[in-house]
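The following exercises are to be worked through with the sequence and the 3D structure at hand. Each task is followed by a solution in steps.

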Amino acid sequence: MNIIEYQDTLDNYADYPTDLGPFYLILNTQAHLGKLSEKLKDVMDKDILDIDAKDKTNLSITIGDLISNLTFMASSLGLSLQDILALNLRKLSLIKTQKLKEKTKAENS
């Protein structure tokens, strides 16, 4: 499944007060981020080599909840997730290029 299909399919599962749209979704995203923080804390309390399939499944489910909330938010704002991701990659590329230029300049000083 590609990202466009994901966003289109996910719209069939939207179960939130759409009149509140992104305002509801940002609060829900924050709640899921809190859950992810708790799960990560539990995992990090273990020896890193002891992360088992159950931990990975729990983390994956919670990360999926975050992704779906952010995708719902994008849809509610009329934004394409594919466009968002492409823009984000361009931004990260520019940041990396700038950091490399600064590093090169510092090394040559």
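**Exercise 1. Determine which residues of helix 1 and helix 3 meet, and how the two axes are oriented.**

Step 1. Helix 1 covers residues 3-10 and helix 3 covers residues 53-76; helices are DSSP runs of H or I with at least four residues, numbered from the N terminus.

Step 2. On the side of helix 1, the residues in contact are Y6, Q7 and L10, and they meet G64, I67, S68, T71, F72, A74 and S75 of helix 3. Contact means heavy atoms within 4.5 Å.

Step 3. The two axes come within 10 Å and cross at roughly 80 degrees. Axes are lines fitted to C-alpha atoms, for helices over the stretch in contact, and the angles run from 0 to 180 degrees between N-to-C directions.

Step 4. Helix 1 is therefore roughly perpendicular to helix 3, since angles of 65 to 115 degrees carry that name, while those under 35 are roughly parallel, those over 145 roughly antiparallel and the rest oblique.

The model is predicted: local features need pLDDT of at least 70, side-chain atom pairs count only at pLDDT 80 or more, and totals for chains, interfaces and linings use all residues. Residues are numbered from 1 along each chain as its sequence is written, and side-chain values use heavy atoms, with hydrogens and water left out.

**Exercise 2. Classify the crossing of helix 1 and helix 4, and list the residues that make the contact.**

Step 1. The axes of helix 1 and helix 4 come within 8 Å and cross at roughly 135 degrees.

Step 2. The two helices are therefore oblique to each other.

Step 3. Helix 1 contributes I3, I4, Y6 and Q7 to this contact, and helix 4 contributes L81, Q82 and L85.

**Exercise 3. Establish whether D55, T62, N58 and K54 of helix 3 are buried, partly exposed or exposed.**

Step 1. The classes rest on relative accessible area: under 20% is buried, over 50% is exposed, and values in between are partly exposed (1.4 Å probe, protein chains only).

Step 2. D55 is in helix 3 and is buried because its relative accessible area is 10%. Not counting residues up to four places away in sequence, D55 touches V43, K46 and D50.

Step 3. T62 is also found in helix 3; its relative accessible area is 2%, so T62 is buried. With residues up to four places away in sequence again left out, T62 touches H32, K35, L36 and K39.

Step 4. N58, a further residue of helix 3, is partly exposed because its relative accessibility is 30%. Its C-alpha atom is separated by 18 Å from that of N28, 30 residues away along the chain.

Step 5. K54 lies in helix 3 and counts as exposed because its relative accessibility is 61%. K54 and M1 are 53 residues apart in sequence and 24 Å apart in space, C-alpha to C-alpha.

**Exercise 4. Find which side chains form the salt bridge, and state whether they are buried or exposed.**

Step 1. A salt bridge requires a side-chain nitrogen of Lys or Arg within 4 Å of a carboxyl oxygen of Asp or Glu. Side chains of opposite charge can pair when their charged atoms come close.

Step 2. A search of the whole structure finds one salt bridge. It joins the side chains of D45 and K41, with an N to O distance of 3.1 Å.

Step 3. Both D45 and K41 are exposed.

**Exercise 5. Identify the residues of the nonpolar surface patch of about 330 Å², and place I84 within the fold.**

Step 1. The patch is made by L77, L79, I84 and L85. Patch residues have over 30% relative accessible area and no salt bridge; like charges are joined within 9 Å, and nonpolar side chains (Val, Leu, Ile, Met, Phe, Trp, Tyr) within 5 Å. Accessible areas come from the Shrake-Rupley method with a 1.4 Å probe, and for residues only the protein chains shown count as cover.

Step 2. I84 belongs to helix 4, residues 81-107. Its relative accessibility is 34%, so I84 counts as partly exposed.

Step 3. E107 also lies in helix 4 and is exposed, at 55% relative accessibility. The C-alpha atoms of E107 and the patch residue L79 are separated by 41 Å.
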